[in-house]
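This briefing covers the two chains of the structure shown below. Please keep the structure open while reading the points that follow.

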Amino acid sequence: MKKLIIKIIISLILIGISIGTFIIVNNINNKRENEANINICLYDINDELVSSKDIVAQKDDKLLDILRNNYTIRTSESTYGAIIYDIDEIKTDFKNTYIAIYVDDKYSNVGISGIKIYDGMKISFKEMRVYYS
Amino acid sequence: MLTAILTVQEELLTVIPNVQFTFLLIICYGATIGILDGTLVVMVHVIIDNLIMNSFTPFIMIPMFLGLEVTLIIGYLLRNRKEFIVAIFGGIAGLIYAAFFFGSTVFFYNVEPIPYLIADIPFDVVLVSCNVITILFLYKPIVNVINNSYPKRRSYELESL
């Protein structure tokens, strides 16, 4: 009887370990599937690369939160979403200069709040001069 | 008949990965019918199993045979031991079996070793747990059944072969 109880206890522990291992590995795989490796580049007014960072984020992360966690930024809110004024050394005032956003080297048609993260994307923030016609 | 039982149960339990009575049965065969007859059983089982699963390639058959043969030898060496000891080594036999497949997969199929190892962990845990649990509960009953069903060969019968 004692032997049977020990066998049952050992079996239950092993079943628990097996189920736990599957759950842990499943969670790790889900997290890995949801990961997005993005590259963020900053360019100054002379189109010279100021910094380039490779960041690992989750696909449902917001770009603004990623920037807040990795850079010193200054933003304001508008009816179209967040507007970014400063990122680290790049400082703009929206009167003389502004920050243009490029996604995969193409000018972004949406603001920073509208950009969705995906794996392998390259986001460039370029300091541009404001031209008045 | 022992080969038939071994093969049929493995095919029936294919739906649940790594849950099988194969290691239990091979350890029992090692403990009862010995290494020579057990090796024949393992050889036939490996051939039939791979024919059924459409994996008739030496890159799968050889590690499978080696893994099961090590299990058979473990069963033979521990034939007079308590089931707790046999269960521990049955679990280790599962890991040795997985190690043979790891080597074969990495070398012949050019799979990255670390990701393969990490991805294989849950299945190895299930295999080891299954081996230990089945051996703990079923080793003694099955050994008794086989010993009562198959008379042991006497030395003069072996000499006449």
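What is the accessible surface of chain B, and what share of that surface belongs to carbon and sulfur atoms? The accessible surface of chain B comes to about 8,700 Å², and carbon and sulfur atoms account for 72% of that area. The model is a predicted one, and the values below are computed from it.

**Chain A**

- Chain A has 133 residues, and 36% of them count as buried.
- Its secondary structure consists of two helices and eight strands.
- Along the sequence of chain A, these elements appear in the order α-β-β-α-β-β-β-β-β-β.
- For chain A the accessible surface is about 8,800 Å², with 54% belonging to carbon and sulfur atoms.
- If contacts in chain A are restricted to residues at least 6 apart in sequence, 48% of them join residues at least 24 apart.

**Chain B**

- Chain B has seven helices and zero strands, giving the pattern α-α-α-α-α-α-α along the sequence.
- Of its 161 residues, 45% are counted as buried.
- Among contacts in chain B with a separation of 6 or more, 72% are between residues 24 or more positions apart.

**Helices α3 and α4 of chain B**

- Helix α3 of chain B covers residues 34–52, and helix α4 of chain B covers residues 58–77.
- The axes of these two helices come within 10 Å and cross at roughly 150 degrees. Angles over 145 degrees count as roughly antiparallel, and α3(B) and α4(B) are therefore roughly antiparallel to each other.
- The crossing of α3(B) past α4(B) is right-handed.
- On the α3(B) side, the residues in contact are G34(B), I35(B), G38(B), T39(B), V42(B), M43(B), H45(B), V46(B), I47(B), D49(B) and N50(B). On the α4(B) side, they are I60(B), M61(B), M64(B), F65(B), L68(B), E69(B), L72(B), I73(B) and Y76(B).
- By class, the residues of the contact between α3(B) and α4(B) are 13 nonpolar, five polar and two charged.

**Helices α4 and α5 of chain B**

- Helix α5 of chain B spans residues 83–108, and its axis comes within 9 Å of the axis of α4(B).
- The two axes cross at roughly 160 degrees, and α4(B) and α5(B) are therefore roughly antiparallel to each other.
- The crossing of α4(B) past α5(B) is right-handed.
- From α4(B), the contact uses F59(B), I60(B), P63(B), M64(B), L66(B), G67(B), L68(B), V70(B), T71(B) and I74(B). From α5(B), it uses F89(B), A93(B), I96(B), Y97(B), F100(B), F101(B), S104(B) and F108(B).
- The contact of α4(B) with α5(B) holds 15 nonpolar residues, three polar residues and no charged residues.
- I60(B), M64(B) and L68(B) of α4(B) are among the residues that meet α3(B), and they are also among those that contact α5(B).

**Residue E83(B)**

- E83(B) lies in helix α5 of chain B.
- Is E83(B) buried or exposed? The relative accessible area of E83(B) is 6%. Buried means under 20%, so E83(B) is buried.
- Leaving out residues up to four places away in sequence, E83(B) touches K3(A) and K7(A) of chain A. In chain B, E83(B) touches I135(B), L136(B), Y139(B) and K140(B).
- E83(B) and I135(B) are 52 residues apart in sequence, while their C-alpha atoms are 6.8 Å apart in space.

Methods
Residues are numbered from 1 along each chain as its sequence is written. Chains are lettered from A and ligands numbered from 1 in the order in which they are written. This is a predicted model: local features need pLDDT of at least 70, side-chain atom pairs count only at pLDDT 80 or more; totals for chains, interfaces and linings use all residues. Side-chain values use heavy atoms; hydrogens and water are left out. Axes are lines fitted to C-alpha atoms, for helices over the stretch in contact, and angles run from 0 to 180 degrees between N-to-C directions. Helices (H or I, at least four residues) and strands (E, at least two) are DSSP runs, numbered from the N terminus. Angles under 35 degrees count as roughly parallel, over 145 as roughly antiparallel, 65 to 115 as roughly perpendicular and the rest as oblique. A crossing is left-handed if the near helix is turned anticlockwise from the far one by less than a right angle, and right-handed if clockwise. Contact means heavy atoms within 4.5 Å. Ala, Val, Leu, Ile, Met, Phe, Trp, Tyr, Cys and Pro count as nonpolar, Asp, Glu, Lys and Arg as charged, and the others, Gly among them, as polar. Buried means under 20% relative accessible area, exposed over 50%, partly exposed in between (1.4 Å probe, protein chains only). Accessible areas come from the Shrake-Rupley method with a 1.4 Å probe; for residues, only the protein chains shown count as cover.
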